[in-house]
Structures are given as structure tokens and as C-alpha cells.
Amino acid sequence: MKQIKTKDSSLTFYNARYKDHYHTKSGAREEAFEKHAKALNITEKSNPVIFDICFGLGYNTAAALDLTGQATIYCFENDKEILAQVLKIDQDFRSWKMIKEFIGQFLKDNKTTYEKGNIRLVMLFGDARKTIKKVETKADFVFFDPFSPAKVPEMWTKEFFKDIYKKMKPDSKLSTYSYARFVRENLEKAGFRVIDGVVIGRRSPSTIAIRSSKD
Ligand SMILES: C[S@@+](CC[C@H](N)C(=O)[O-])C[C@H]1O[C@@H](n2cnc3c(N)ncnc32)[C@H](O)[C@@H]1O
């Protein structure tokens, strides 16, 4: 795992197997806040249920916790090697100590649930395309953050988006950094309404997918 400092001073890594970075080099911390937690306006709901699909170092969860201080977050990840990096680095999130405790107890004792005050974090370890089917709670917000569509197209399919859609509440929202046309088309085929997200770190916008209030 090669460590890289991004332009906002937060750290990311390069994954040699996928030949991809975990975050944009323009700012990993900024990406978590601006393309996910703030982009979905997560503070509009009290005690939201959030799915962090592709948890990695957990920056999206950390940004959400820093903003709300109250949430249930289901964390989807399939690689203990990246989770182990969480314990080795210190990042500028108020909730970072909590993220470390959560991951520490998972890696050491296989404990999947962490609770503190109004915060509940649940690790769903394994292939997110399978674990999503087992979640019984429905989400208000979904952070969707796999490696890039060019590298792992199998994570950006209509079928996976449909499975996620089924686990979202009416009027809920999903955020993703990708602007790829086939990604947006697959989101639409799965039933989402797609709108532009913020423009941060590059010329094209990120994507917000809205689940309708019906069905
Ligand atoms: C772009 S990184 C996510 C970055 C992350 N959100 C963060 O803040 O560090 C993609 C992540 O998806 C994970 N991943 C890849 N395939 C997966 C799968 N099928 N199910 C769950 N997680 C997967 C990788 O291990 C990696 O941590």
C-alpha cells in the first residue's frame, strides 16, 4: 500500500491490484465532506441511517459523524488490509478516534457493532453486492464509493443499483463521485432520478441519485 498526501494534506493510498487511488488527489478529506456528506445534506434528517458503500479508510463515515454527531451507519468493505491502515494514520476528523476504535475492535475481536451516544456503526464485511441483500434497515442516505468505473465496472451495474434502491427509503439520496455516462444510465435504469452534484477537484460534476417517493 503506497501512501500519498493529497492537496488538502489528508492521506490516501494507491492500490496496486486495482491500479487505482482510494481518493482524488485534489483532496481526500474534502472529497468526503463535499461529494458525500454535505452534498446529500445529511443534517436535514435527525438520526439518519446511512450506508457507506466501500468504506476503505472510512473518511465518508467520519465526515458524516463530524457533521451530524448522530447516525446509524452501515459500513460495507471487503478488504482488511485497507482497514488496518486506519489504525496507523491520524486524520483531521473530530470523529477519527471513534473510527479507529470501531475498526480496532473489528480487526481484533471481529466485533461488528460499535455504539457511543447517538452513534451506531455496523461493519458489513464482504462483497457489498451480497451483503446489501442482508441489510434489514433502510437508508436515508447512501455514499457510493467503489474504485473507478473503468477499473471495476462490475460495481457500477444496473443490478447492483437496483439492489441498493430496494434498501433505500422513499425520497432518499445516493452520492457518488462518478460522472460516467454508463453509470448515470445504469442508475436511471435502476429507478433513480439523476442530478449533478458539486464540481470539486475537476471539471465534471459528481452525481446525486434520488430515489422517488413512490414504490
Ligand atoms: C475508492 S475506495 C473507497 C474509499 C473510501 N470511501 C475512503 O474514504 O477511504 C474503494 C473501496 O472499495 C472496497 N471494495 C472493492 N470491492 C468491494 C466489494 N465488492 N465490496 C465491498 N467493498 C469493496 C475496496 O477495498 C476499497 O476500500
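Helix H2, which spans residues 59–68, has 9 of its 10 residues buried, so this helix is largely enclosed by the rest of the structure. The model described here is a predicted one, and it includes a ligand that has 20 residues surrounding it. The ligand occupies the space of the largest pocket.

**Helix H2 and the residue after it**

- The buried residues of H2 are Tyr-59, Asn-60, Thr-61, Ala-62, Ala-63, Ala-64, Leu-65, Asp-66 and Thr-68, where buried means under 20% relative accessible area.
- Just after H2 comes Gly-69, a residue that takes a positive phi of about 70°.

**The shell around the ligand**

- Of the residues that surround the ligand, the closest are Cys-54, Leu-57, Glu-77, Ala-128 and Asp-145.
- Sorted by class, the shell around the ligand is made up of 10 nonpolar, 6 polar and 4 charged residues.

**Polar contacts and burial of the ligand**

- On the side of the ligand's oxygen atoms, one such atom is 2.9 Å from an N or O atom in the side chain of His-23.
- A nitrogen atom of the ligand lies 2.9 Å from a backbone N or O atom of Cys-54, a residue that is also listed among the closest to the ligand.
- For Asp-127, an N or O atom of the side chain is 3.0 Å from a nitrogen atom of the ligand.
- Taken alone, the ligand exposes 600 Å², and the protein buries 97% of that area.

Terms used. Residues numbered from 1 in each chain as written. Predicted model: local features only at pLDDT ≥ 70, side-chain atom pairs only at ≥ 80, totals over all residues. Heavy atoms only, no water. Near = heavy atom within 4 Å. Polar contact = N/O pair within 3.5 Å; in protein donor to acceptor, adjacent residues only side chain to side chain. Areas by Shrake-Rupley, 256 points an atom, 1.4 Å probe, with all protein chains shown as cover. 1 Å grid on protein atoms, 1.4 Å probe; cavity = no way out; pocket = protein on both sides within 12 Å on 5 of 7 lines; lining within 4 Å. Sits in = over half its atoms within 2 Å of the grid points. Nonpolar A, V, L, I, M, F, W, Y, C, P; charged D, E, K, R; others polar. Buried < 20%, exposed > 50% of the residue type's maximum accessible area, 1.4 Å probe, protein only. Helix = DSSP H or I, 4+ residues; strand = E, 2+ residues; numbered from the N terminus.
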